[in-house]
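Reader: I am new to this and would like to learn how to read a protein model. Could you walk me through it, feature by feature?
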Amino acid sequence: RRLFGAACVGAPVSTAVTHWGSDPLARGSYSFMAAGATPSDVERLRANVSDRLFFAGEACSMEFPSLAHGAYLSGVDAARQVDGVLRPVKRTQDTR
C-alpha cells in the first residue's frame, strides 16, 4: 500500500499462516549456506549412504538452496537415484 497507494491495493481477502515456529519437527528452521561453506559440503550432505539411504530437501540443492523448488528438484534427483538402484541399467561395452 505504501508503494502503490491505498486506492490501488484493497484489503486482503484471506490469509494463511504457517506454524513452523511451534511445529516440534520443523521448529521454524530453514537451510542456508553458512559463511565458509563450499559446494562440496552440499555434495556430502546429499550423498546417499550405501545405496540404501537417500537425502533430499532444500539443503541438498546446489542450484536453489533454501527454496521450495530446490527441495522439489532434489527430491526428483533422489528418486532417480533410488530408481537407478532398484532398476539398474544394463550397459553394453562400447565397441568403437
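Author: Happily, and we will take salt bridges, a cavity, a surface patch, two loop residues and a pair of distances in turn. Keep in mind that this is a predicted model.

Reader: Let us begin with charges. How many salt bridges does the structure hold?

Author: The idea is to look for a side-chain nitrogen of Lys or Arg within 4 Å of a carboxyl oxygen of Asp or Glu. The structure holds three such bridges. In one of them, the side chains of Arg 44 and Asp 41 meet, at 2.5 Å from N to O. Another joins the side chains of Arg 46 and Glu 43, at 2.9 Å from N to O. Arg 87 also takes part in one: its partner is Asp 83, and the closest N and O atoms are 2.8 Å apart.

Reader: Where do Arg 44 and Asp 41 lie?

Author: Both belong to helix α1, three residues apart, which is about one turn of the helix. The pair Arg 46 and Glu 43 is also in helix α1, and because these two are three residues apart, about one helical turn separates them.

Reader: Which of these charged residues are exposed, and which partly exposed?

Author: Here a cut-off helps: over 50% relative accessible area means exposed, under 20% means buried, and partly exposed is in between. Arg 44 has 59% relative accessibility, so it counts as exposed. Its partner Asp 41 has 28%, so Asp 41 is partly exposed. In the second pair, Arg 46 is partly exposed because its value is 22%, and Glu 43 is partly exposed because its value is 37%. In the third pair, Arg 87 counts as exposed because it reaches 58%, whereas Asp 83 is partly exposed because its relative accessible area is 34%.

Reader: Now for the inside. How does one find a cavity in a model?

Author: Rolling a probe the size of a water molecule over the atoms shows where empty space is left. In this structure there is one cavity of 30 Å³ or more. The largest cavity contains about 40 Å³ of space.

Reader: Which residues line the largest cavity?

Author: Its lining is made of Arg 46, Phe 55, Cys 60, Ser 74, Asp 77, Ala 78 and Gln 81. You have already met Arg 46, in the salt bridge with Glu 43. Helix α2 gives the most to this lining, with four residues. By character, the lining residues divide into three nonpolar, two polar and two charged.

Reader: And on the outside, which residues form a nonpolar patch on the surface?

Author: To find such a patch, one joins nonpolar side chains that lie within 5 Å and have over 30% relative accessible area. Here the patch consists of Phe 64, Leu 67, Tyr 72 and Leu 73, with about 380 Å² of accessible area together. Take Leu 73 as an example: it sits in helix α2, which covers residues 68-86. Leu 73 counts as partly exposed because its relative accessibility is 41%.

Reader: I have heard of the backbone angle phi. In which residues other than glycine is phi positive here?

Author: Two cases to look at are Ser 50, where phi is near 55°, and Asp 51, where phi is also near 55°. Ser 50 is placed in the loop between α1 and α2, and Asp 51 is found in that loop too. As for cover, Ser 50 is exposed because its relative accessible area is 61%. Asp 51 has 42%, so Asp 51 is partly exposed.

Reader: One last topic. How far apart in space are Ser 31 and Cys 60?

Author: The idea is to set separation along the chain beside separation in space. Ser 31 and Cys 60 are 29 residues apart in sequence, and 9.1 Å apart in space from C-alpha to C-alpha. Ser 31 lies in the segment before α1 and counts as buried because its relative accessibility is 15%. Cys 60 is familiar from the lining of the largest cavity.

Reader: What about Gly 10 and Gly 84?

Author: Those two are 74 residues apart in sequence and 51 Å apart in space, C-alpha to C-alpha. Gly 10 lies in the segment before α1, the helix of residues 39-46. With 54% relative accessibility, Gly 10 counts as exposed, because the cut-off is over 50%.

Notes:
Residues are numbered from 1 along each chain as its sequence is written. This is a predicted model: local features need pLDDT of at least 70, side-chain atom pairs count only at pLDDT 80 or more; totals for chains, interfaces and linings use all residues. Side-chain values use heavy atoms; hydrogens and water are left out. Patches are made of residues with over 30% relative accessible area and no salt bridge: like charges are joined within 9 Å, nonpolar side chains (Val, Leu, Ile, Met, Phe, Trp, Tyr) within 5 Å. Accessible areas come from the Shrake-Rupley method with a 1.4 Å probe; for residues, only the protein chains shown count as cover. Buried means under 20% relative accessible area, exposed over 50%, partly exposed in between (1.4 Å probe, protein chains only). On a 1 Å grid over the protein atoms alone, a cavity is a set of points where a 1.4 Å probe fits but cannot get out, and a pocket is an open set with protein on both sides within 12 Å along at least five of seven lines; lining residues have an atom within 4 Å of a point. Grid points are joined across faces, edges and corners, and a volume is the space filled by probe spheres set on the points. Ala, Val, Leu, Ile, Met, Phe, Trp, Tyr, Cys and Pro count as nonpolar, Asp, Glu, Lys and Arg as charged, and the others, Gly among them, as polar.
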